Amino acid sequence: MKTREIKRQIRGQRAVDGAGVELVRVVGHRDVYDFDPFLLMDGFDSENPEDYMKGFPMHPHRGIETLTYLLHGEFEHKDSLGNVGSIKSGEAQWMTAGSGILHEEMPKVSKKMLGLQLWINLPQKEKMSQPEYHDLTKENIKEIDEENAFIRVLSGNYKGKVQGFEPQHVKASVFDVTVKPGKEVVLDTKEDETVYIFFIDGNGYIGDEFIPSKTAVLFGEGSQIKVKAPEEGTRFVFFSGKPLKEPIALGGPVVMNTQEELNIAFKEMRSGEFIKHKPMKE
């Protein structure tokens, strides 16, 4: 089996988003074609509520899916589909914005806020699909404890044994991997997919190369990756998805294929026609 080698490394940079949330921007606009189908990824890691309490008030999305995953902390959320709820430590929310949705995510005060948000592109023919919302609670996130690592399977299939959430559009795999002290983990990968990992809590090694915490590593071609932990262990999130290989037009919270489609989306925001589907009945 061919082991994937490092193609790119991106060290997260401090940024401010939402209503004033301090976060770490890792994958951004300049990276969308290299990381296709993944568009953006932010990490957050703070023990100071002032860094995140302003949250992400109601805002629109179209043409993407978002995955918000909390290792520690709590978010309350609601959206234009009528969904209201919260996610806590070890839980996630998977939202398909599709044709258009309004949602907000507001953090609660916690001893530690640690997690990430990922944007996944939607295929051109599915960008105007029905918006959907899925809670990934502790009860439906499968876990497996191996000799060298502890894995939480958020989405996709792990070794043909553990099935996580199955996305309806881009069949992305997302695993939360804690590598035990001094151990090495080997993960099989599909050769036609984009694969990257994010060291969310701790440093690690790929081959002989030291990778500091809060770094994303994009891999080249191959059928497996190998990651080794230092003596204190490490934790990373694994992402894999088949690239769409389509034009990408970015307009803040809206991601389409052409500038004309972006213009239509923002015109509909101004005219009140952005939301194409009625809220769900309570």
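Hi everyone, this is a short tour of one helix, one cavity and two loop residues in the structure above. Please keep in mind that we are looking at a predicted model.

Let's start with helix α2, which runs over residues 259-271. It has 13 residues and spans 18 Å from the first C-alpha to the last, close to the 18 Å expected at 1.5 Å a residue. Which residues of α2 are buried? They are L262, A265 and E268. These three lie on the same side of α2, because they cover an arc of only 125° around the axis. If you like the textbook background, an α-helix has 3.6 residues a turn, so residues three or four places apart point the same way.

What sits over that buried side? The cover includes β25, residues 249-251, and β26, residues 254-256. Now turn the helix around: the face away from the buried side carries Q259, E260, K267 and R270, which are exposed. Just after α2 comes G272, with a positive phi of about 80°.

Next, the inside of the protein. How many cavities of 30 Å³ or more does the structure hold? The count is one. The largest cavity has a volume of about 60 Å³. Its lining is made by V21, E22, F44, D45, S46, Y52, F56, F75, P107 and M113. Sorted by class, that is seven nonpolar, one polar and two charged residues. Strands β3 (21-27) and β4 (38-46) each give at least two lining residues, and β4 has the largest share, with three.

Some of those names come back when we look at K112, in the loop between β10 (101-107) and β11 (113-121). Leaving out residues up to four places away in sequence, K112 touches D45, S46, E47, H72 and G73. D45 and S46 are also among the residues that line the largest cavity. Is K112 buried, partly exposed or exposed? K112 counts as partly exposed because its relative accessibility is 25%, and the partly exposed class runs between 20% and 50%. For a sense of distance, K112 and R62 are 50 residues apart in sequence and 31 Å apart in space, C-alpha to C-alpha.

My last stop is G220, in the loop between β22 (215-219) and β23 (224-228). Setting aside neighbours within four places in sequence, G220 is in contact with R4, E5 and K7. From G220 to V179 the separation is 41 residues in sequence and 22 Å in space, C-alpha to C-alpha.

That's my tour, thanks for listening!

Note on methods: Residues are numbered from 1 along each chain as its sequence is written. This is a predicted model: local features need pLDDT of at least 70, side-chain atom pairs count only at pLDDT 80 or more; totals for chains, interfaces and linings use all residues. Side-chain values use heavy atoms; hydrogens and water are left out. Helices (H or I, at least four residues) and strands (E, at least two) are DSSP runs, numbered from the N terminus. The expected span of a helix is 1.5 Å times one less than its number of residues. Buried means under 20% relative accessible area, exposed over 50%, partly exposed in between (1.4 Å probe, protein chains only). The arc is that of the directions from the helix axis to the C-beta atoms. Contact means heavy atoms within 4.5 Å. On a 1 Å grid over the protein atoms alone, a cavity is a set of points where a 1.4 Å probe fits but cannot get out, and a pocket is an open set with protein on both sides within 12 Å along at least five of seven lines; lining residues have an atom within 4 Å of a point. Grid points are joined across faces, edges and corners, and a volume is the space filled by probe spheres set on the points. Ala, Val, Leu, Ile, Met, Phe, Trp, Tyr, Cys and Pro count as nonpolar, Asp, Glu, Lys and Arg as charged, and the others, Gly among them, as polar.
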